[in-house]
Amino acid sequence: MKTVHVLSTAALLCATSLVATAADSGRIEKLRETGTLVLGHPESSVPFAYLDGNQKPVGYTVEICEAVAEKIKATLNLPKLEVRYNPTTSATRIPLLANGTIDLECGNTTNNIERHKLVSFAPTTFVAQVVLMARKDAGVDVNDPASFKGKTIAAQAGGQTFKLISMLNAQNNYGIQVAPAKDTGETFLMVQSGRAAGSANDDGLAYGAVASAKNPEDFIIGTKGLEMAPYGILQPKDDPAFKKVVDDAVIGLMKDGTVARLYDKYFNSPIPPRGINLKYPMSDALKRALANPTDSGDPEVYK
Amino acid sequence: MTYNWSWQVFLDTSSDGMNSFLHNLLVGAMWTLALALSALAFSFLFGCLLAVCRTAKSRPLNVLGSVYVEIFRNIPLLVQMFLWYFVLPEVLPPALGTAMKQMGQPWGQFFPALLCLSFYGTARVCEQIRAGIQSLPRGQAAAGTALGLTQVQVYRYVVLPEALRIVIAPLTSEIMGTIKYSSIALTIGLLELTGQARAMQEFSFHIFEAFTAATLGYLIINGVIVLAMRALERHYAVPGLIGSGVKAKL
(Lines give C-alpha, C1' and ligand atoms only; values in the text may rest on other atoms or scores of the structure.)
Protein backbone atom coordinates (compact mmCIF):
# COMPACT_ATOMS: atom_id res chain seq x y z
CA MET A 1 0.00 0.00 0.00
CA LYS A 2 2.81 2.32 0.94
CA THR A 3 4.56 1.65 -2.35
CA VAL A 4 1.44 2.57 -4.27
CA HIS A 5 1.25 5.82 -2.35
CA VAL A 6 4.86 6.73 -3.05
CA LEU A 7 4.44 5.90 -6.74
CA SER A 8 1.32 7.97 -7.14
CA THR A 9 2.94 10.92 -5.38
CA ALA A 10 5.91 10.66 -7.73
CA ALA A 11 3.62 10.51 -10.73
CA LEU A 12 1.71 13.54 -9.49
CA LEU A 13 4.94 15.51 -9.01
CA CYS A 14 6.01 14.65 -12.56
CA ALA A 15 2.66 15.72 -13.93
CA THR A 16 2.63 19.08 -12.14
CA SER A 17 6.16 19.94 -13.18
CA LEU A 18 5.25 19.11 -16.78
CA VAL A 19 2.27 21.42 -16.69
CA ALA A 20 4.22 24.19 -14.97
CA THR A 21 7.01 24.34 -17.54
CA ALA A 22 4.80 23.71 -20.53
CA ALA A 23 3.24 27.13 -19.95
CA ASP A 24 6.63 28.89 -20.37
CA SER A 25 6.95 31.18 -23.32
CA GLY A 26 9.22 30.39 -26.25
CA ARG A 27 12.94 30.02 -26.68
CA ILE A 28 13.34 33.54 -28.06
CA GLU A 29 12.31 34.97 -24.67
CA LYS A 30 14.81 32.64 -23.07
CA LEU A 31 17.58 33.74 -25.42
CA ARG A 32 16.89 37.39 -24.63
CA GLU A 33 16.89 36.72 -20.90
CA THR A 34 19.92 34.48 -20.62
CA GLY A 35 21.98 35.59 -23.61
CA THR A 36 23.04 32.01 -24.21
CA LEU A 37 22.20 29.44 -26.87
CA VAL A 38 22.90 25.85 -25.91
CA LEU A 39 23.83 23.47 -28.71
CA GLY A 40 23.42 19.75 -28.11
CA HIS A 41 25.85 17.59 -30.05
CA PRO A 42 26.81 13.92 -30.34
CA GLU A 43 30.46 13.22 -29.60
CA SER A 44 31.43 10.59 -32.12
CA SER A 45 29.46 11.20 -35.31
CA VAL A 46 32.33 11.94 -37.68
CA PRO A 47 32.12 14.27 -39.57
CA PHE A 48 28.79 15.73 -38.41
CA ALA A 49 29.54 16.34 -34.76
CA TYR A 50 32.50 14.96 -32.85
CA LEU A 51 35.35 16.06 -30.61
CA ASP A 52 38.62 17.32 -32.02
CA GLY A 53 42.07 16.86 -30.48
CA ASN A 54 41.29 19.48 -27.82
CA GLN A 55 37.97 17.86 -26.89
CA LYS A 56 36.11 20.74 -28.49
CA PRO A 57 32.96 19.88 -30.46
CA VAL A 58 33.49 20.31 -34.20
CA GLY A 59 31.83 19.02 -37.33
CA TYR A 60 29.72 19.91 -40.30
CA THR A 61 26.43 20.29 -38.42
CA VAL A 62 28.09 21.90 -35.37
CA GLU A 63 29.60 24.62 -37.55
CA ILE A 64 26.28 25.20 -39.28
CA CYS A 65 24.72 25.67 -35.83
CA GLU A 66 27.47 28.10 -34.84
CA ALA A 67 26.77 30.14 -37.97
CA VAL A 68 23.04 29.95 -37.16
CA ALA A 69 23.80 31.40 -33.71
CA GLU A 70 25.55 34.37 -35.34
CA LYS A 71 22.52 34.96 -37.56
CA ILE A 72 20.10 34.69 -34.63
CA LYS A 73 22.13 37.25 -32.72
CA ALA A 74 21.87 39.68 -35.64
CA THR A 75 18.17 39.02 -36.32
CA LEU A 76 17.12 39.48 -32.72
CA ASN A 77 19.47 42.43 -32.15
CA LEU A 78 21.01 40.78 -29.13
CA PRO A 79 23.98 42.63 -27.62
CA LYS A 80 25.66 39.30 -27.01
CA LEU A 81 24.81 35.65 -27.55
CA GLU A 82 27.06 33.13 -25.90
CA VAL A 83 27.12 29.65 -27.46
CA ARG A 84 27.40 26.78 -24.99
CA TYR A 85 27.77 23.10 -25.79
CA ASN A 86 26.07 20.13 -24.22
CA PRO A 87 26.91 16.57 -25.31
CA THR A 88 23.91 14.40 -26.20
CA THR A 89 23.30 10.80 -27.12
CA SER A 90 20.46 9.35 -29.11
CA ALA A 91 18.71 8.60 -25.82
CA THR A 92 19.14 12.04 -24.26
CA ARG A 93 18.56 14.41 -27.17
CA ILE A 94 14.75 14.40 -27.03
CA PRO A 95 14.34 14.89 -23.26
CA LEU A 96 17.07 17.55 -23.15
CA LEU A 97 15.42 19.44 -25.99
CA ALA A 98 11.98 19.09 -24.43
CA ASN A 99 13.03 20.26 -20.96
CA GLY A 100 14.99 23.23 -22.27
CA THR A 101 18.54 22.11 -21.47
CA ILE A 102 19.48 22.44 -25.12
CA ASP A 103 17.98 24.75 -27.75
CA LEU A 104 19.14 22.93 -30.88
CA GLU A 105 20.60 19.50 -31.52
CA CYS A 106 23.34 19.56 -34.11
CA GLY A 107 24.31 16.10 -35.25
CA ASN A 108 23.03 13.51 -37.65
CA THR A 109 19.40 13.07 -36.66
CA THR A 110 17.23 11.65 -39.40
CA ASN A 111 14.18 13.69 -40.22
CA ASN A 112 11.28 11.26 -40.52
CA ILE A 113 7.59 11.96 -40.34
CA GLU A 114 7.07 9.84 -37.21
CA ARG A 115 9.41 12.10 -35.25
CA HIS A 116 7.51 15.27 -36.15
CA LYS A 117 5.05 14.38 -33.40
CA LEU A 118 7.74 15.14 -30.83
CA VAL A 119 10.20 17.60 -32.37
CA SER A 120 10.64 19.99 -35.27
CA PHE A 121 13.42 19.95 -37.83
CA ALA A 122 15.29 22.79 -39.49
CA PRO A 123 15.60 22.58 -43.30
CA THR A 124 17.53 19.50 -44.33
CA THR A 125 21.28 20.08 -44.31
CA PHE A 126 22.39 16.61 -45.37
CA VAL A 127 20.81 13.82 -47.36
CA ALA A 128 22.24 10.47 -46.37
CA GLN A 129 21.77 7.31 -48.37
CA VAL A 130 21.65 3.97 -46.65
CA VAL A 131 24.48 1.90 -48.13
CA LEU A 132 26.06 -1.46 -47.44
CA MET A 133 29.66 -1.70 -46.36
CA ALA A 134 31.80 -4.83 -46.26
CA ARG A 135 35.36 -6.11 -46.00
CA LYS A 136 36.86 -6.56 -49.46
CA ASP A 137 37.64 -10.22 -48.74
CA ALA A 138 34.07 -11.06 -47.66
CA GLY A 139 33.09 -12.16 -51.17
CA VAL A 140 29.95 -10.08 -51.41
CA ASP A 141 28.75 -7.32 -53.69
CA VAL A 142 28.01 -4.24 -51.60
CA ASN A 143 25.62 -2.94 -54.22
CA ASP A 144 23.51 -6.06 -54.20
CA PRO A 145 21.88 -7.13 -50.92
CA ALA A 146 21.07 -10.52 -52.50
CA SER A 147 24.77 -11.42 -52.48
CA PHE A 148 24.64 -11.44 -48.66
CA LYS A 149 22.44 -14.56 -48.73
CA GLY A 150 23.12 -16.71 -45.67
CA LYS A 151 25.50 -14.12 -44.26
CA THR A 152 25.13 -11.53 -41.52
CA ILE A 153 24.60 -7.80 -41.88
CA ALA A 154 25.08 -5.62 -38.81
CA ALA A 155 22.89 -2.57 -38.30
CA GLN A 156 22.17 -0.24 -35.44
CA ALA A 157 19.49 -1.72 -33.18
CA GLY A 158 16.21 0.12 -33.52
CA GLY A 159 17.55 2.38 -36.23
CA GLN A 160 16.07 3.13 -39.63
CA THR A 161 18.81 1.10 -41.32
CA PHE A 162 17.92 -1.95 -39.25
CA LYS A 163 14.30 -1.66 -40.25
CA LEU A 164 15.22 -1.22 -43.90
CA ILE A 165 17.46 -4.29 -44.07
CA SER A 166 14.96 -6.42 -42.14
CA MET A 167 12.20 -5.39 -44.54
CA LEU A 168 14.26 -5.93 -47.72
CA ASN A 169 15.25 -9.29 -46.32
CA ALA A 170 11.69 -10.33 -45.53
CA GLN A 171 10.26 -9.08 -48.82
CA ASN A 172 12.84 -10.74 -51.05
CA ASN A 173 13.61 -13.84 -48.97
CA TYR A 174 17.33 -13.09 -49.05
CA GLY A 175 17.94 -15.23 -45.97
CA ILE A 176 20.24 -12.64 -44.44
CA GLN A 177 20.81 -12.58 -40.69
CA VAL A 178 20.43 -9.04 -39.40
CA ALA A 179 22.57 -8.51 -36.31
CA PRO A 180 21.73 -5.61 -34.04
CA ALA A 181 24.61 -3.49 -32.76
CA LYS A 182 24.64 -0.63 -30.30
CA ASP A 183 25.82 2.16 -32.62
CA THR A 184 27.70 2.93 -35.84
CA GLY A 185 31.05 2.30 -34.19
CA GLU A 186 29.96 -1.15 -33.15
CA THR A 187 28.45 -2.14 -36.49
CA PHE A 188 31.83 -1.31 -37.94
CA LEU A 189 33.61 -3.34 -35.24
CA MET A 190 31.40 -6.32 -36.08
CA VAL A 191 32.42 -6.14 -39.73
CA GLN A 192 36.07 -5.64 -38.83
CA SER A 193 36.13 -8.64 -36.50
CA GLY A 194 34.35 -10.86 -39.03
CA ARG A 195 31.25 -11.25 -36.93
CA ALA A 196 29.21 -9.77 -39.76
CA ALA A 197 29.94 -9.89 -43.49
CA GLY A 198 28.82 -6.33 -43.88
CA SER A 199 26.90 -3.53 -42.29
CA ALA A 200 24.14 -1.16 -43.30
CA ASN A 201 24.80 2.47 -42.45
CA ASP A 202 24.14 5.98 -43.60
CA ASP A 203 26.83 6.77 -46.14
CA GLY A 204 28.26 9.80 -44.31
CA LEU A 205 28.88 7.74 -41.18
CA ALA A 206 30.18 4.77 -43.19
CA TYR A 207 32.76 7.01 -44.87
CA GLY A 208 33.68 8.46 -41.49
CA ALA A 209 34.09 5.01 -39.91
CA VAL A 210 36.13 3.57 -42.77
CA ALA A 211 38.34 6.65 -43.05
CA SER A 212 39.22 6.46 -39.36
CA ALA A 213 39.95 2.69 -39.48
CA LYS A 214 43.49 1.37 -39.25
CA ASN A 215 43.36 -0.05 -42.79
CA PRO A 216 40.73 1.91 -44.72
CA GLU A 217 41.65 0.08 -47.95
CA ASP A 218 40.36 -3.23 -46.52
CA PHE A 219 36.78 -2.01 -46.76
CA ILE A 220 34.43 -1.23 -49.57
CA ILE A 221 31.37 1.01 -49.38
CA GLY A 222 28.41 0.55 -51.68
CA THR A 223 27.45 3.29 -54.10
CA LYS A 224 23.87 2.23 -54.55
CA GLY A 225 21.66 3.91 -51.97
CA LEU A 226 18.95 1.66 -50.58
CA GLU A 227 17.01 4.56 -49.09
CA MET A 228 17.30 8.30 -48.53
CA ALA A 229 17.62 9.71 -45.04
CA PRO A 230 17.47 13.50 -44.68
CA TYR A 231 19.29 14.97 -41.67
CA GLY A 232 18.18 18.16 -39.99
CA ILE A 233 19.00 20.23 -36.93
CA LEU A 234 16.51 19.37 -34.18
CA GLN A 235 14.35 22.16 -32.80
CA PRO A 236 11.84 22.20 -29.97
CA LYS A 237 8.30 21.40 -31.06
CA ASP A 238 5.52 23.99 -31.15
CA ASP A 239 7.66 27.11 -31.01
CA PRO A 240 6.91 28.70 -34.40
CA ALA A 241 8.67 32.00 -33.64
CA PHE A 242 11.93 30.26 -32.76
CA LYS A 243 11.58 27.82 -35.66
CA LYS A 244 11.19 30.70 -38.09
CA VAL A 245 14.30 32.47 -36.84
CA VAL A 246 16.38 29.26 -37.02
CA ASP A 247 14.96 28.15 -40.37
CA ASP A 248 15.58 31.58 -41.91
CA ALA A 249 19.13 31.47 -40.62
CA VAL A 250 19.72 27.99 -42.09
CA ILE A 251 18.17 28.95 -45.42
CA GLY A 252 20.30 32.11 -45.45
CA LEU A 253 23.42 29.98 -44.94
CA MET A 254 22.38 27.71 -47.82
CA LYS A 255 21.79 30.66 -50.15
CA ASP A 256 25.04 32.45 -49.36
CA GLY A 257 27.11 29.31 -49.91
CA THR A 258 28.23 28.83 -46.29
CA VAL A 259 26.75 25.33 -46.12
CA ALA A 260 28.47 24.29 -49.36
CA ARG A 261 31.76 25.68 -48.03
CA LEU A 262 31.37 23.76 -44.76
CA TYR A 263 30.55 20.64 -46.78
CA ASP A 264 33.85 20.95 -48.62
CA LYS A 265 35.65 21.60 -45.36
CA TYR A 266 34.38 18.40 -43.73
CA PHE A 267 33.84 16.00 -46.64
CA ASN A 268 36.48 16.94 -49.19
CA SER A 269 39.49 18.10 -47.20
CA PRO A 270 41.51 16.78 -44.26
CA ILE A 271 39.58 17.11 -41.01
CA PRO A 272 40.74 17.14 -37.39
CA PRO A 273 41.88 15.39 -35.30
CA ARG A 274 43.88 13.08 -37.58
CA GLY A 275 43.82 14.94 -40.87
CA ILE A 276 41.77 12.33 -42.72
CA ASN A 277 40.05 13.27 -45.95
CA LEU A 278 36.69 11.56 -46.46
CA LYS A 279 36.74 12.36 -50.20
CA TYR A 280 33.01 12.28 -50.51
CA PRO A 281 31.60 14.62 -53.18
CA MET A 282 28.20 16.18 -52.60
CA SER A 283 25.31 13.99 -53.78
CA ASP A 284 22.74 15.25 -56.26
CA ALA A 285 20.04 14.80 -53.63
CA LEU A 286 21.85 17.16 -51.25
CA LYS A 287 22.50 19.67 -54.07
CA ARG A 288 18.76 19.72 -54.73
CA ALA A 289 17.95 20.07 -51.02
CA LEU A 290 20.33 23.03 -50.69
CA ALA A 291 18.88 24.73 -53.77
CA ASN A 292 15.28 24.23 -52.61
CA PRO A 293 15.36 24.12 -48.80
CA THR A 294 12.74 21.88 -47.19
CA ASP A 295 12.15 20.42 -43.77
CA SER A 296 10.08 17.53 -45.09
CA GLY A 297 10.57 14.15 -43.50
CA ASP A 298 9.38 12.26 -46.56
CA PRO A 299 12.29 10.51 -48.37
CA GLU A 300 10.37 10.76 -51.67
CA VAL A 301 10.80 14.56 -51.65
CA TYR A 302 14.57 14.16 -51.98
CA LYS A 303 14.59 11.80 -54.95
CA MET B 1 8.63 20.81 -20.71
CA THR B 2 6.82 20.20 -23.96
CA TYR B 3 6.53 16.50 -24.51
CA ASN B 4 3.76 14.57 -26.17
CA TRP B 5 2.95 11.67 -23.90
CA SER B 6 1.34 8.90 -25.83
CA TRP B 7 0.78 5.47 -24.39
CA GLN B 8 -0.71 4.28 -27.64
CA VAL B 9 2.75 4.25 -29.11
CA PHE B 10 3.19 0.77 -27.62
CA LEU B 11 0.71 -0.58 -30.15
CA ASP B 12 2.47 1.04 -33.11
CA THR B 13 4.45 -1.12 -35.49
CA SER B 14 8.06 -1.24 -34.40
CA SER B 15 11.25 -0.97 -36.40
CA ASP B 16 11.08 -4.59 -37.57
CA GLY B 17 8.00 -3.65 -39.56
CA MET B 18 5.93 -6.55 -38.22
CA ASN B 19 5.36 -6.53 -34.46
CA SER B 20 4.22 -3.83 -32.07
CA PHE B 21 6.61 -2.19 -29.61
CA LEU B 22 4.73 -3.87 -26.77
CA HIS B 23 5.34 -7.28 -28.28
CA ASN B 24 9.04 -6.49 -28.66
CA LEU B 25 9.31 -5.29 -25.08
CA LEU B 26 7.73 -8.52 -23.84
CA VAL B 27 10.12 -10.55 -25.98
CA GLY B 28 12.92 -8.44 -24.51
CA ALA B 29 11.73 -9.21 -20.98
CA MET B 30 11.80 -12.92 -21.85
CA TRP B 31 15.41 -12.63 -22.97
CA THR B 32 16.25 -10.74 -19.78
CA LEU B 33 14.75 -13.60 -17.77
CA ALA B 34 16.36 -16.31 -19.88
CA LEU B 35 19.77 -14.69 -19.64
CA ALA B 36 19.65 -13.79 -15.95
CA LEU B 37 18.14 -17.08 -14.75
CA SER B 38 20.53 -19.31 -16.71
CA ALA B 39 23.46 -17.16 -15.57
CA LEU B 40 22.20 -17.49 -11.97
CA ALA B 41 21.97 -21.26 -12.25
CA PHE B 42 25.63 -21.47 -13.28
CA SER B 43 26.64 -18.83 -10.72
CA PHE B 44 24.97 -20.74 -7.92
CA LEU B 45 26.44 -24.10 -8.89
CA PHE B 46 29.99 -22.88 -9.37
CA GLY B 47 29.66 -20.32 -6.57
CA CYS B 48 28.99 -23.15 -4.10
CA LEU B 49 31.96 -25.14 -5.37
CA LEU B 50 34.24 -22.13 -5.22
CA ALA B 51 33.05 -21.20 -1.73
CA VAL B 52 33.99 -24.70 -0.61
CA CYS B 53 37.40 -24.22 -2.25
CA ARG B 54 37.91 -20.95 -0.40
CA THR B 55 37.04 -22.40 3.00
CA ALA B 56 38.45 -25.95 2.61
CA LYS B 57 41.55 -27.01 4.52
CA SER B 58 43.72 -26.98 1.41
CA ARG B 59 46.15 -24.23 0.56
CA PRO B 60 46.07 -24.73 -3.27
CA LEU B 61 42.25 -24.73 -3.29
CA ASN B 62 42.18 -21.55 -1.15
CA VAL B 63 44.55 -19.80 -3.56
CA LEU B 64 42.58 -20.98 -6.58
CA GLY B 65 39.36 -19.61 -5.08
CA SER B 66 40.87 -16.27 -4.09
CA VAL B 67 42.54 -15.71 -7.46
CA TYR B 68 39.32 -16.46 -9.32
CA VAL B 69 37.22 -14.22 -7.11
CA GLU B 70 39.61 -11.29 -7.22
CA ILE B 71 39.99 -11.44 -11.00
CA PHE B 72 36.30 -11.62 -11.82
CA ARG B 73 35.12 -9.32 -9.08
CA ASN B 74 37.63 -6.58 -9.79
CA ILE B 75 37.18 -6.18 -13.56
CA PRO B 76 34.24 -3.93 -14.45
CA LEU B 77 31.34 -5.93 -15.83
CA LEU B 78 31.16 -3.83 -18.99
CA VAL B 79 34.81 -4.58 -19.76
CA GLN B 80 34.21 -8.29 -19.15
CA MET B 81 31.31 -8.19 -21.57
CA PHE B 82 33.53 -6.75 -24.30
CA LEU B 83 36.28 -9.25 -23.53
CA TRP B 84 33.95 -12.22 -23.93
CA TYR B 85 32.32 -10.85 -27.04
CA PHE B 86 35.11 -9.19 -28.99
CA VAL B 87 38.36 -10.56 -27.61
CA LEU B 88 37.66 -14.21 -26.82
CA PRO B 89 36.92 -15.25 -30.46
CA GLU B 90 40.24 -13.70 -31.51
CA VAL B 91 42.36 -15.64 -29.01
CA LEU B 92 40.62 -18.98 -29.54
CA PRO B 93 41.83 -21.32 -32.31
CA PRO B 94 40.63 -19.77 -35.62
CA ALA B 95 38.05 -22.48 -36.36
CA LEU B 96 36.42 -22.15 -32.95
CA GLY B 97 36.64 -18.34 -33.04
CA THR B 98 34.94 -18.23 -36.42
CA ALA B 99 32.25 -20.63 -35.26
CA MET B 100 31.59 -18.35 -32.30
CA LYS B 101 31.36 -15.30 -34.53
CA GLN B 102 29.09 -16.97 -37.05
CA MET B 103 26.56 -18.19 -34.48
CA GLY B 104 23.01 -17.32 -35.46
CA GLN B 105 20.91 -14.52 -34.03
CA PRO B 106 20.58 -13.90 -31.14
CA TRP B 107 22.76 -16.76 -29.84
CA GLY B 108 25.91 -15.04 -31.02
CA GLN B 109 25.18 -12.35 -28.44
CA PHE B 110 23.44 -14.54 -25.88
CA PHE B 111 26.27 -16.99 -25.21
CA PRO B 112 29.02 -14.43 -24.63
CA ALA B 113 26.62 -12.54 -22.34
CA LEU B 114 25.78 -15.77 -20.51
CA LEU B 115 29.47 -16.61 -20.06
CA CYS B 116 30.17 -13.10 -18.82
CA LEU B 117 27.35 -12.98 -16.27
CA SER B 118 28.02 -16.55 -15.10
CA PHE B 119 31.73 -15.99 -14.46
CA TYR B 120 31.05 -12.68 -12.73
CA GLY B 121 28.12 -14.06 -10.74
CA THR B 122 30.16 -17.08 -9.64
CA ALA B 123 32.68 -14.79 -7.98
CA ARG B 124 29.98 -12.82 -6.17
CA VAL B 125 27.89 -15.81 -5.10
CA CYS B 126 31.06 -17.53 -3.91
CA GLU B 127 31.83 -14.63 -1.58
CA GLN B 128 28.33 -14.63 -0.12
CA ILE B 129 28.30 -18.36 0.52
CA ARG B 130 31.81 -18.18 1.95
CA ALA B 131 30.60 -15.54 4.39
CA GLY B 132 27.69 -17.84 5.28
CA ILE B 133 30.02 -20.79 5.85
CA GLN B 134 32.39 -18.73 7.99
CA SER B 135 29.54 -17.38 10.10
CA LEU B 136 28.79 -20.90 11.34
CA PRO B 137 30.19 -21.86 14.73
CA ARG B 138 33.36 -23.94 14.30
CA GLY B 139 31.78 -26.64 16.40
CA GLN B 140 29.44 -27.61 13.57
CA ALA B 141 32.17 -28.83 11.26
CA ALA B 142 34.08 -30.30 14.19
CA ALA B 143 31.02 -32.25 15.32
CA GLY B 144 30.61 -33.61 11.79
CA THR B 145 34.20 -34.77 11.76
CA ALA B 146 33.77 -36.28 15.21
CA LEU B 147 30.89 -38.35 13.85
CA GLY B 148 33.27 -39.82 11.33
CA LEU B 149 32.13 -37.85 8.27
CA THR B 150 34.71 -37.09 5.62
CA GLN B 151 35.49 -33.47 4.58
CA VAL B 152 33.17 -33.80 1.60
CA GLN B 153 30.40 -35.23 3.73
CA VAL B 154 30.81 -32.47 6.33
CA TYR B 155 30.25 -29.87 3.60
CA ARG B 156 27.47 -31.81 1.93
CA TYR B 157 25.42 -32.69 5.01
CA VAL B 158 26.33 -30.12 7.67
CA VAL B 159 28.03 -26.93 6.52
CA LEU B 160 26.39 -26.14 3.17
CA PRO B 161 22.77 -26.82 4.17
CA GLU B 162 23.17 -24.45 7.09
CA ALA B 163 25.21 -21.81 5.26
CA LEU B 164 22.80 -21.71 2.34
CA ARG B 165 19.87 -21.06 4.63
CA ILE B 166 21.72 -18.14 6.19
CA VAL B 167 22.62 -16.52 2.89
CA ILE B 168 19.15 -16.56 1.33
CA ALA B 169 18.73 -12.85 2.07
CA PRO B 170 21.99 -11.68 0.42
CA LEU B 171 21.36 -14.14 -2.42
CA THR B 172 18.03 -12.44 -3.04
CA SER B 173 19.92 -9.20 -3.66
CA GLU B 174 22.28 -11.07 -5.94
CA ILE B 175 19.43 -12.49 -8.01
CA MET B 176 17.85 -9.06 -8.35
CA GLY B 177 21.25 -7.63 -9.17
CA THR B 178 21.80 -10.18 -11.92
CA ILE B 179 18.43 -9.32 -13.49
CA LYS B 180 19.67 -5.74 -13.67
CA TYR B 181 23.25 -6.55 -14.72
CA SER B 182 21.83 -8.47 -17.67
CA SER B 183 20.95 -5.10 -19.22
CA ILE B 184 24.67 -4.64 -19.93
CA ALA B 185 24.22 -7.27 -22.65
CA LEU B 186 22.64 -4.53 -24.76
CA THR B 187 26.14 -3.16 -25.36
CA ILE B 188 26.96 -6.26 -27.40
CA GLY B 189 23.63 -6.05 -29.22
CA LEU B 190 21.43 -8.47 -27.30
CA LEU B 191 17.94 -7.04 -27.44
CA GLU B 192 16.83 -7.76 -23.90
CA LEU B 193 14.42 -5.50 -22.02
CA THR B 194 16.62 -2.39 -21.86
CA GLY B 195 17.85 -3.04 -25.40
CA GLN B 196 14.29 -3.16 -26.68
CA ALA B 197 13.39 0.02 -24.78
CA ARG B 198 16.41 1.70 -26.31
CA ALA B 199 15.48 0.46 -29.78
CA MET B 200 11.95 1.72 -29.24
CA GLN B 201 13.03 5.24 -28.25
CA GLU B 202 15.55 5.31 -31.08
CA PHE B 203 12.83 4.66 -33.59
CA SER B 204 9.74 6.34 -32.14
CA PHE B 205 11.45 9.08 -30.11
CA HIS B 206 9.03 8.24 -27.26
CA ILE B 207 11.84 7.87 -24.77
CA PHE B 208 9.90 8.35 -21.54
CA GLU B 209 7.21 5.83 -22.43
CA ALA B 210 9.85 3.31 -23.54
CA PHE B 211 11.88 3.52 -20.36
CA THR B 212 8.81 3.69 -18.15
CA ALA B 213 7.82 0.35 -19.61
CA ALA B 214 11.30 -1.06 -19.04
CA THR B 215 11.31 0.24 -15.46
CA LEU B 216 7.96 -1.39 -14.79
CA GLY B 217 9.27 -4.59 -16.32
CA TYR B 218 12.23 -4.71 -13.95
CA LEU B 219 10.05 -3.73 -10.98
CA ILE B 220 7.63 -6.54 -11.68
CA ILE B 221 10.31 -9.17 -12.29
CA ASN B 222 12.25 -8.19 -9.18
CA GLY B 223 9.05 -7.86 -7.13
CA VAL B 224 8.13 -11.45 -7.93
CA ILE B 225 11.66 -12.55 -7.03
CA VAL B 226 11.51 -10.78 -3.66
CA LEU B 227 8.20 -12.43 -2.80
CA ALA B 228 9.38 -15.85 -3.91
CA MET B 229 12.64 -15.58 -2.00
CA ARG B 230 10.86 -14.36 1.15
CA ALA B 231 8.65 -17.40 1.01
CA LEU B 232 11.73 -19.57 0.55
CA GLU B 233 13.43 -17.86 3.46
CA ARG B 234 10.44 -18.45 5.73
CA HIS B 235 10.17 -22.04 4.65
CA TYR B 236 13.82 -22.85 5.34
CA ALA B 237 14.37 -20.67 8.40
CA VAL B 238 16.14 -22.70 11.08
CA PRO B 239 15.07 -21.84 14.62
CA GLY B 240 18.02 -20.38 16.47
CA LEU B 241 19.93 -19.36 13.35
CA ILE B 242 20.01 -15.90 11.75
CA GLY B 243 16.93 -15.47 9.63
CA SER B 244 14.59 -17.28 11.95
CA GLY B 245 13.58 -13.88 13.37
CA VAL B 246 12.00 -13.10 10.01
CA LYS B 247 9.30 -15.59 10.75
CA ALA B 248 8.33 -13.85 13.97
CA LYS B 249 8.20 -10.42 12.37
CA LEU B 250 6.09 -11.31 9.38
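Here is a walk through this predicted model, starting with chain B, moving to its contact with chain A, and ending at a small sheet in chain A.

A word on bookkeeping: residues count from 1 along each chain as its sequence is written, while chains are lettered from A and ligands numbered from 1 in the order in which they are written. Since we're looking at a prediction, local features need pLDDT of at least 70 and side-chain atom pairs count only at pLDDT 80 or more, whereas totals for chains, interfaces and linings use all residues.

Chain B has eleven helices and zero strands. Here helices are DSSP runs of H or I with at least four residues, strands are runs of E with at least two, and both are numbered from the N terminus. The C-alpha atoms of chain B fit a box of roughly 70 × 55 × 30 Å along the principal axes. Of its 250 residues, 39% are buried, meaning that 20 or more other C-beta atoms lie within 10 Å of the residue's own; exposed means 12 or fewer, partly exposed is in between, and C-beta atoms are placed from the backbone. Take contacts as C-beta atoms, placed from the backbone, within 7 Å: among those in chain B between residues at least 6 apart in sequence, 72% join residues at least 24 apart.

Now pick out H5 of chain B, residues 107–135. Its 29 residues span 41 Å from first C-alpha to last, close to the 42 Å expected at 1.5 Å a residue (1.5 Å times one less than the number of residues). H5(B) is mostly covered, with 22 of its 29 residues buried.

For contrast, try B:Leu232 in helix H10 (residues 207–236) of chain B. This leucine counts as partly exposed because it has 14 C-beta neighbours inside 10 Å. Its C-alpha is 12 Å from that of B:Ile166, 66 residues away along the chain.

On to the contact between the chains, which takes 26 residues from chain B and 33 residues from chain A. Helix H9 (residues 193–204) of chain B gives the most to chain B's side, with eight residues. That side divides into ten nonpolar, twelve polar and four charged residues; Ala, Val, Leu, Ile, Met, Phe, Trp, Tyr, Cys and Pro count as nonpolar, Asp, Glu, Lys and Arg as charged, and the others, Gly among them, as polar.

Finally, chain A has an open antiparallel sheet of three strands, ordered S2-S3-S4. S2 (44–45) and S4 (57–58) of chain A are at the edges with a single partner strand each, so one side of each lacks a neighbour in the sheet. Pairing takes at least two DSSP bridges, and two join S2(A) to S3 (residues 49–51) of chain A. A:Ser44 stands opposite A:Tyr50 in S3(A).

Technical notes:
Contact = placed C-beta atoms within 7 Å.
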